[in-house]
Amino acid sequence: LMFNELNKSHVPFTVDSSNLPFVSLSDLIKENGHRTLKVDALYSFIPKSGRSKGKEQPVMVAEGHNIYLPQHLLQMVKDICSNDEYRTAINNGKCGFKTREYEDTKNGAGTCYSGNFVDI
């Protein structure tokens, strides 16, 4: 039966991020420099106010913060969140996020901050 798929266990993230402060990735990098952050959880949500109101935002939990990730990582965050194997690896401390910066010449936004998910 195709409904058997619905009964598979779902691996939740083990970190509670509900009381952690929010910070932008660029602020975190400007404060601490580039490095590989240990990813504790990932999620996306739609803010009810602010600059990104109504637009789904990807978020990474690391360093005791909810860190806003760039919009271009939204689909990757959703893909990771929908995969039990990836969530288990994150819960086991095996996922990192190596920060980087780049110049946005296409949109003229100057220096932008992003990163890549890596094994740690």
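Two strands count as paired here if DSSP finds at least two bridges between them. Keep that in mind for the sheet; and note that this is a predicted model.

I'll start with the sheet. It is open, has three strands in the order E2-E6-E7, and the pairing is antiparallel. Strand E2, residues 36-38, and strand E7, residues 110-119, are at the edges. Each of them has a single partner strand, so one side of each has no neighbour in the sheet. On average, neighbouring strands are turned by 30 degrees against each other, direction ignored.

Now one pair in particular. E2 and strand E6, which covers residues 95-104, are joined in the antiparallel sense over three bridges. Which residue of E6 does Thr-36 stand opposite? That is Lys-98.

A helix goes with this sheet. Helix H1, residues 25-32, lies across E2, E6 and E7, and runs at about 85 degrees to E7.

Next, the other two helices. The axes of helix H2, residues 74-81, and H3 come within 6 Å and cross at roughly 90 degrees. The two helices are therefore roughly perpendicular to each other. H2 contributes Asp-79, Ile-80 and Cys-81 to the contact, and H3 contributes Tyr-86, Arg-87 and Ile-90. Sorted by class, that contact has four nonpolar residues, two charged and no polar ones.

Last, the two ends of H3, which spans residues 84-91. At its start, a side-chain oxygen of Asn-83 reaches to within 2.8 Å of the backbone nitrogen of Glu-85. After the helix comes Gly-93, with a positive phi near 75 degrees.

Key
Residues are numbered from 1 along each chain as its sequence is written. This is a predicted model: local features need pLDDT of at least 70, side-chain atom pairs count only at pLDDT 80 or more; totals for chains, interfaces and linings use all residues. Side-chain values use heavy atoms; hydrogens and water are left out. Helices (H or I, at least four residues) and strands (E, at least two) are DSSP runs, numbered from the N terminus. Axes are lines fitted to C-alpha atoms, for helices over the stretch in contact, and angles run from 0 to 180 degrees between N-to-C directions. Contact means heavy atoms within 4.5 Å. A polar contact is a pair of N or O atoms within 3.5 Å; within protein, one must be able to donate a hydrogen and the other to accept it, and residues adjacent in sequence count only if both atoms are side-chain atoms. Angles under 35 degrees count as roughly parallel, over 145 as roughly antiparallel, 65 to 115 as roughly perpendicular and the rest as oblique. Ala, Val, Leu, Ile, Met, Phe, Trp, Tyr, Cys and Pro count as nonpolar, Asp, Glu, Lys and Arg as charged, and the others, Gly among them, as polar.
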